[in-house]
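Work through the exercises below with the sequence and the model side by side. Each task is followed by a solution in steps.

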Amino acid sequence: MDASEVGVLIGGAALIALILWYFFGERGAVAATAGAGGVQEVNVTVKGGYSPDVIEVRQGRPVRLNFYRDEDSSCSEQVVFGDFGVARNLPAYKTTPVEFTPDRPGEFTFTCSMNMLRGRLVVR
């Protein structure tokens, strides 16, 4: 192997590591802030994914997640919280509040209707 082949091999390995970190690496959670009436609230932007995609809330207290859909991709037309029986349509370029009260602790996935976009709700 000559120097250029070694360089390509190292570059490829670094790129693979970067992709794995981006898609599967641990992400920091955003804690909900308590608003009026004790409602826990977080603003979530939908654009090729959810940002933030890890949200931390407290059990037994009402939650309002304000989803702003900043795109018109058909994949992001709906958000589904399957464990809580909640699904909401998200109109493009508008904010849609999703409200529910988590009744049990744990980590719960929320997705788009096609199950391609994913986020995680951590209930403590």
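## Exercises on a predicted model

At 25% relative accessibility, Asp70 counts as partly exposed. The coordinates come from a predicted model, and the exercises start from this residue and its partner.

**Exercise 1.** Find which residue forms a salt bridge with Asp70, and state where the two residues lie.

Solution.
- Step 1. The partner is Lys47; the closest N and O atoms are 3.8 Å apart, and the cut-off for a salt bridge is 4 Å.
- Step 2. Lys47 sits in the loop between E3 and strand E4 (50–51), while Asp70 sits in the loop between E6 and strand E7 (78–81), so the salt bridge ties together parts that are 23 residues apart in sequence.
- Step 3. Lys47 has a relative accessible area of 56% and is exposed, whereas Asp70, at 25%, is partly exposed.

**Exercise 2.** Describe the network of salt bridges that contains Arg64.

Solution.
- Step 1. Take Glu99 to begin with: its salt bridge with Arg64 has closest N and O atoms 2.6 Å apart. This pair links distant parts of the chain, with Glu99 in strand E9 (residues 95–100) and Arg64 in strand E6, 35 residues apart.
- Step 2. Arg64 also forms a salt bridge with Glu41, where the closest N and O atoms are 3.5 Å apart. Since Arg64 belongs to strand E6 (residues 63–69) and Glu41 to strand E3 (residues 40–46), this pair ties together parts that are 23 residues apart in sequence.
- Step 3. Glu41, Arg64 and Glu99 are thus linked in a network of salt bridges.
- Step 4. Check the exposure of each member. Arg64 is partly exposed at 23%, Glu41 is partly exposed at 26%, and Glu99 is partly exposed at 43%.
- Step 5. For the whole structure, the count comes to 6 salt bridges.

**Exercise 3.** Decide how many disulfides the model has, and explain why Cys75 and Cys112 do or do not form one.

Solution.
- Step 1. A disulfide is a covalent bond between the sulfur atoms of two cysteines.
- Step 2. The cysteine sulfur closest to that of Cys75 belongs to Cys112, at 3.1 Å. The cut-off is 2.5 Å, so this distance is too far for a bond.
- Step 3. Seen from Cys112, the closest cysteine sulfur is in Cys75.
- Step 4. Cys75 is buried at 10% relative accessibility, and Cys112 is buried at 1%.
- Step 5. The search of the whole structure gives 0 disulfides.

**Exercise 4.** Name the residues that make the nonpolar surface patch of about 450 Å², and place Met1 in the chain.

Solution.
- Step 1. The patch is made by Met1, Val6, Leu9 and Ile10.
- Step 2. Met1 belongs to the segment before helix H1 (3–24).
- Step 3. With 77% relative accessibility, Met1 is exposed.

**Exercise 5.** Set the radius of gyration of the protein chain against that of a compact globule of 124 residues, and summarise the fold.

Solution.
- Step 1. The chain has 1 helix and 11 strands, and along the sequence the helix precedes the strands.
- Step 2. The radius of gyration is 18 Å, against a value near 14 Å for a compact globule of 124 residues.
- Step 3. The C-alpha trace spans about 65 × 30 × 25 Å along its principal axes.
- Step 4. Buried residues make up 31% of the 124 residues.
- Step 5. The chain exposes about 7500 Å², of which carbon and sulfur atoms supply 55%.

Terms used:
Residues are numbered from 1 along each chain as its sequence is written. This is a predicted model: local features need pLDDT of at least 70, side-chain atom pairs count only at pLDDT 80 or more; totals for chains, interfaces and linings use all residues. Side-chain values use heavy atoms; hydrogens and water are left out. A salt bridge is a side-chain nitrogen of Lys or Arg within 4 Å of a carboxyl oxygen of Asp or Glu. Helices (H or I, at least four residues) and strands (E, at least two) are DSSP runs, numbered from the N terminus. Buried means under 20% relative accessible area, exposed over 50%, partly exposed in between (1.4 Å probe, protein chains only). Patches are made of residues with over 30% relative accessible area and no salt bridge: like charges are joined within 9 Å, nonpolar side chains (Val, Leu, Ile, Met, Phe, Trp, Tyr) within 5 Å. Accessible areas come from the Shrake-Rupley method with a 1.4 Å probe; for residues, only the protein chains shown count as cover. The radius of gyration is taken over C-alpha atoms; the globule rule is 2.2 Å times the number of residues to the power 0.38.
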